[in-house]
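Hello,

Here is the structure we spoke about, handed over with its sequence. My notes on it follow below.

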Amino acid sequence: MTDDARHMAHALTLGRRGLGRCWPNPAVGCIVVRNGRVIGRGHTAPGGRPHGETIALAQAGAMARGATAYVTLEPCAHHGATPPCAQALIDAGIGRLVCAMVDPDPRVDGGGLAMLRAAGIEVVTGVGAGQAAIDHAGFLSRVTRGRPVVTLKLATSFDGRIAMASGESRWITGPDARRAVHAMRMNHDAVLIGAGTARTDDPMLDVRGFGDVRQPVRVVVSGALDLPHDGRLARSAREVPLWLVHGPGADVDRWSRLGARMICVAQPHDPAEVLSALGAAGLTRIFCEGGGELAASMICAGVVDRLVGFNAGLVLGAGGRPALAELGIDTLADAPRFRLDSVRQIGGDVMHIWSAPQRSTAGEHPL
């Protein structure tokens with residue numbers, strides 16, 4: 001591995017620390033290196049600022065002059081809530097910039113690199129680009145497709161059931177698998193479920209077991225807002241963000257008073273429209289834990305980018321509730337296919353991760 005590749009791998013690892021915590025901004029990592037020694041490091045802070053470059057340059061101080069900066073995404077070139085990072089690198093006297101990939105945001109899109117080159121700074125691009133594309137997939141999806149990246153999680157028995165016929169489901173998988181799910185929630189901007197899951201399970205959908213962390217937004221799709229007003233989601237709406245995606249004509253007053261954010265869409269049963277609205281609200285990475293109906297509708301709509309499955313070593317039989325509702329397919333040729341990325345044992349269960357073919361890329365999945 002070359003020095004540039006090694007330092008970029010370091011920057012990418014730093015950047016992943018911001019996943020789920022800095023939306024709508026990308027989770028960028030940056031290190032500043034002088035004579036082979038790291039003199040500054042940073043990643044996008046919770047809430048999206050300060051940016052990783054700003055933090056790394058502050059640590060490097062005057063030693064940044066003539067040093068090399070490694071950044072996992074093109075430094076911004078526009079004035080927003082903070083000044084452009086490209087200008088900050090120029091002002092710090094950086095002598096060389098190694099950048100993993102260009103930022104497709106129209107406000108940047110090569111402009112940051114052009115600023116640096118115009119200032120006489122050597123610019124190298126493409127180092128670590130494959131892993132950067134995986135790490136920034138949510139941000140890139142929001143910019144280029146107008147919607148967040150979607151990870152669908154299914155925890156099932158060996159024979160693909162999510163509950164007994166009675167609805168009993170706690171617990172099919174073991175504590176290690178459940179802890180892994182909480183870690184995945186923590187690295188996503190939002191957790192998404194449907195109204196049926198909200199009514200049946202009365203879930204909290206927060207991250208537990210990892211200390212005081214930034215909680216993901218809880219999103220419930222409910223066209224008529226026919227959700228319990230005394231459930232755990234309602235009771236915690238002022239403490240942990242709760243967004244409700246609903247249809248026209250739904251009675252929003254009571255939920256607004258409870259502290260929920262209301263998002264109206266014309267067709268709440270259309271996953272593409274729901275995701276477009278959530279992307280417009282700033283979300284880049286969504287972890288879907290909905291029931292069989294929501295999961296099936298998202299697969300049918302072709303909006304699932306990754307599947308995460310947890311399989312337990314028990315069987316429930318045909319009387320158990322299936323993981324997915326009817327998909328409306330008649331032949332194997334019509335069945336959606338995903339590509340296997342990884343398999344590993346989690347406690348007494350098996351976790352397997354799959355990517356939609358157009359999104360499948362070798363590398364470490366930032367889950």
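**What was found**

Strand 3 (residues 68–71) and strand 4 (residues 96–99) run parallel and are joined by four bridges. One pair to look up is Y70, whose bridge partner in strand 4 is V98. Please keep in mind that this is a predicted model.

These two strands belong to an open sheet of five strands, with the order 2-1-3-4-5 and mixed pairing. At the edges stand strand 2 (37–43) and strand 5 (122–125). Each of them has a single partner strand, so one side of each is left without a neighbour in the sheet. On average, neighbouring strands of this sheet are turned by 15° against each other, direction ignored.

Two helices go with the sheet. Helix 2 (residues 52–60) packs on it and touches strand 1 (29–34), strand 2 and strand 3. The direction of helix 2 makes about 145° with that of strand 2. Helix 4 (residues 111–118) lies across strand 4 and strand 5, and runs at about 150° to strand 5.

A separate item is T173, a residue in the loop between strand 7 (161–163) and helix 7 (175–186). Is T173 buried or exposed? Its relative accessible area is 10%, and the cut-off for buried is under 20%, so T173 counts as buried. Leaving out residues up to four places away in sequence, T173 touches A155, R178, F310, A312 and D349.

Regards

Key
Residues numbered from 1 in each chain as written. Predicted model: local features only at pLDDT ≥ 70, side-chain atom pairs only at ≥ 80, totals over all residues. Heavy atoms only, no water. Buried < 20%, exposed > 50% of the residue type's maximum accessible area, 1.4 Å probe, protein only. Contact = heavy atoms within 4.5 Å. Pairing = 2+ DSSP bridges. Axes fitted to C-alpha atoms, helices over the stretch in contact; angles between N-to-C directions.
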